[in-house]
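Student: I would like to take a close look at a single part of this structure. Could you guide me through it step by step and then place it in its wider setting?

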Amino acid sequence: MRTLTELPPVTTAEQGLQQQPAPTQASGSSFSGASARHESAIKHVTGRAAYIDDLALPADALHLAVGLSAVAHGRITKLDLAAVRNAPGVVDVITVADVPGHTDIGPVFPGDPIMADGEVLYAGQVLFTVAASSHRAARQAVRQAVIEIDEMPASLDPVAAAQAEDFVRPTHQQLSGEWEQALTEATHIVEGDQFVGGQEHFYLEGQACVAHPTEDEGVMVHTSNQHPSETQKLVAEVLGIPFHAVTVETRRMGGGFGGKETQASPWACLAALVARRTGRSCRLRLARSEDMRVTGKRHPFHNHYRLGVDEAGVIQGSDITVIGDCGYSPDLSDAIVDRAMFHSDNAYSLGAARVVGHRARTNTASNTAFRGFGGPQGMMVIEAAMEDIARRVGEDPLTVRKRNFYRLDRNVTHYGQTVDQIALLHELVENLETSSEYWRRREEIRQFNANNPIIRKGLALTPVKFGISFTAQHLNQAGALLHVYTDGSVMINHGGTEMGQGLHTKICQVVARELGLDLERVRITATRTDKVPNTSPTAASSGADLNGQAARDAALKLKNRLFDFAAEHYHFDREAMRMEDGALVAGLGESEQRIVWGELVQTAYLSRISLSEKGFYATPLIHYDRATGNGRPFYYFAFGAAVAEVSVDTLSGEYQVDRVDILHDVGDSLNPAIDIGQVEGGFIQGMGWLTSEELRWNDKGQLISQGPATYKIPTYGDLPETFNVRLMEGHPNSMASIYRSKAVGEPPFMLGMSVWCALRDALASLSDYRQSVRLDTPATPERVMAAAKAAREAAGTAP
């Protein structure tokens, strides 16, 4: 029977935070650190939350559809759109020749044409765009196009592309110590290859936007988008107008997961272009099959590892190569492959190491950000190696993992960053090892496997050490805008976007905490580029860290201004003031004096005191030198661990996840209920990536897994029968993050690796745990069945 998720007691989120005294919490209030419900929860469950397709449009609004290439690589020899233009309801048809400004909308590096310009680079690339009076008319008109493409050989193999040095960005490497000597002198050499599959974002709300022409040359864009400021920039450049003429708004997304960080912008650009040409509002939304063909995925990776270990299985030297399948253009691949390299150690010291990262070009959709941003693909290298080492030295994989953990005498990563809170990592794993009864279950599973030739059980405990910060230094900044109205209600706006993860809720809690107010007094407004400018994407698990600090900065400035006013107006002692229970309080005990919030605000307003403030935050300390492959790219590390138990039918390859126990580190949680939800959801999504979610292309480079019928995300029935999730308590962040909390968006995703390792453990039982077996991902039943057959053949026990 599935156990209930455990919520930890609310802890004092200020523990260890200097110069930030904890406020007294009013009865029934939900300050930061308390389990408050999502600010849109009721709207979500009642269907009243407005998404892009729910927005009302003017009666004369246009609907857009896109014409796509069916060829992966070639030259366009004929694009006859006469029949499209004459189709019923069609108002406008555009190609790249109709773009007045920039035609390349690459987010960081060039290489992403808004529509194909002569050359087709992948199957699914946009060739033209149709605007019609209805969505149906636009989609039907697209089919009338006469397209001829001179097909050319398509590059579909990233390994071959790497061997041919066909890269979207230059190769990068990180070096630490005398790695070649360490490998030469090692007792054992453990070597292996690994394919890690990609993943479709499969957000519930697909790519969608609405564009309205405004006065002068401007445009207003509503978009399901993780990076409104980048979309503002690209729309302005495509239209050839100043940035201030474009306003981009995002109230909420029906999921993002990284798929709307860069790849929501093209649709906004197309809609804005047609809106300006026609003077009419435009809506563009992609059908699921189109969305999956047109947009990029999580990068598939081909990894190779060669490790030198001593007789106890401790790594002495490492040589790791990762090849990211980047698709046809750079997009964010430079940073994604970098992060795979950064996280190829996971929680273990690699010793003297060389880590090399290639960015291979293929004729597929340009792969992009996805929860973990390359980190999961990098971690898979070392987790595979841990299982291999354990079989080589005849130890339990958990024993080998613990021997290789970072420790005080081995606490520097292969890129030169010192790992902080090492004791936390060890304590967390030991805690979970005990609470999950790992060793008792290990013995029971060994006995079960010895008596069951067909059904085999597997068990694995895997850790997570994930670095928090954008690896591009300039993105680690955020702004916020705070308004207090004369009735005492508070409005906060910030640069982060809400995709269901509860960011807006946490920001409201931060403001409520600083001002000593009940959460109901504080509201959030849609993210807009005309309120907080030049914002970073909501990505890299940094949404609450960055925007929470910016909101807190604004609230502190406003609070201090009110304190200064109260000291002068009421003659209160400035040093003894605090905000609590909806009032400004001065003094202690019998000398305590209170001014309720509403009266304070009214009095300040009548005294012409500003009740508005902006905040800003930039993450300190981080830096990275790509020339040397050395630095401190992360402000801190978040930790976690999971124990997974599986049962495998070794003849059919079918399996089930029987039990999962998770203990995750979020520092002093901003909102335990939301954080528990993120841990649960991240784990399930990570498990899906490694087990059931298989992307398939045919030999022409066309994606053939285009919807839920052919692409299988986890469902309710895939939940572990027993699912125990806890947050680690009593370990505030060692760095001065917002109230000593830690990011929780991406780190839990990698807890799903425990399921994959448990599957390998079950397969290793076929050789009495003497040999590990290669198991590429996703570990579908077909792959598991093939691996079981290979394991029996290697052990000489094949029937």
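Which residue stands opposite H188 in β13?

Tutor: The residue opposite H188 is V309 of β13. Please keep in mind that the model is predicted.

Let us begin with the strands around this pair. Strand β8, residues 188-196, and strand β13, residues 301-309, run antiparallel and are paired over nine bridges. On β13, V309 also stands opposite I315, a residue of β14. Strand β14 covers residues 315-325, and nine bridges join this strand to β13, again in the antiparallel sense. V309 therefore has a partner in β8, namely H188, and a partner in β14, namely I315. In general, strands of a sheet pair through backbone hydrogen bonds, either parallel or antiparallel.

Between β13 and β14 the chain forms a hairpin with five residues between the strands. Within this hairpin, G313 takes a positive phi near 90°.

A parallel pairing can be seen elsewhere, in an open sheet of four strands. Their order is β19-β18-β17-β24, and the pairing is mixed. The edge strands, β19 (522-524) and β24 (612-618), each pair on one side only. From one strand to the next, the twist averages 25°. Strand β18, residues 490-494, pairs with β19 in the parallel sense over three bridges, and V490 has V522 as its bridge partner in β19. Helix α14, residues 503-515, lies across β17 (477-484), β18 and β19, and runs at about 130° to β18.

V490 also leads us to the nonpolar core. The largest such core has 152 residues, and V490, I492, W597, L600, I662 and F683 touch the most other members. Helix α15, residues 543-569, supplies the largest share, with 11 residues. Because domain 2 (301-471 + 626-795) and domain 3 (477-618) both give residues to this core, it lies between them. Beyond its neighbours within four places in sequence, I492 is in contact with several residues, including A480, V511, V522 and A551. A second, separate core has 42 residues, among them C209, V221, V246 and A268.

F683, another of the residues that touch the most other core members, takes part in a helix contact. This residue, together with M687, L690 and T691, represents α17, while M753, S754, V755, W756 and L759 represent α18. The axes of α17 (residues 672-691) and α18 (residues 753-764) come within 7 Å and cross at roughly 45°, and the two helices are therefore oblique to each other.

Technical notes: Residues numbered from 1 in each chain as written. Predicted model: local features only at pLDDT ≥ 70, side-chain atom pairs only at ≥ 80, totals over all residues. Heavy atoms only, no water. Core = buried A, V, L, I, M, F, W, Y, C linked by side-chain atoms within 4.5 Å. Buried < 20%, exposed > 50% of the residue type's maximum accessible area, 1.4 Å probe, protein only. Domains from an automatic or database assignment. Contact = heavy atoms within 4.5 Å. Pairing = 2+ DSSP bridges. Axes fitted to C-alpha atoms, helices over the stretch in contact; angles between N-to-C directions. Parallel < 35°, antiparallel > 145°, perpendicular 65-115°, else oblique.
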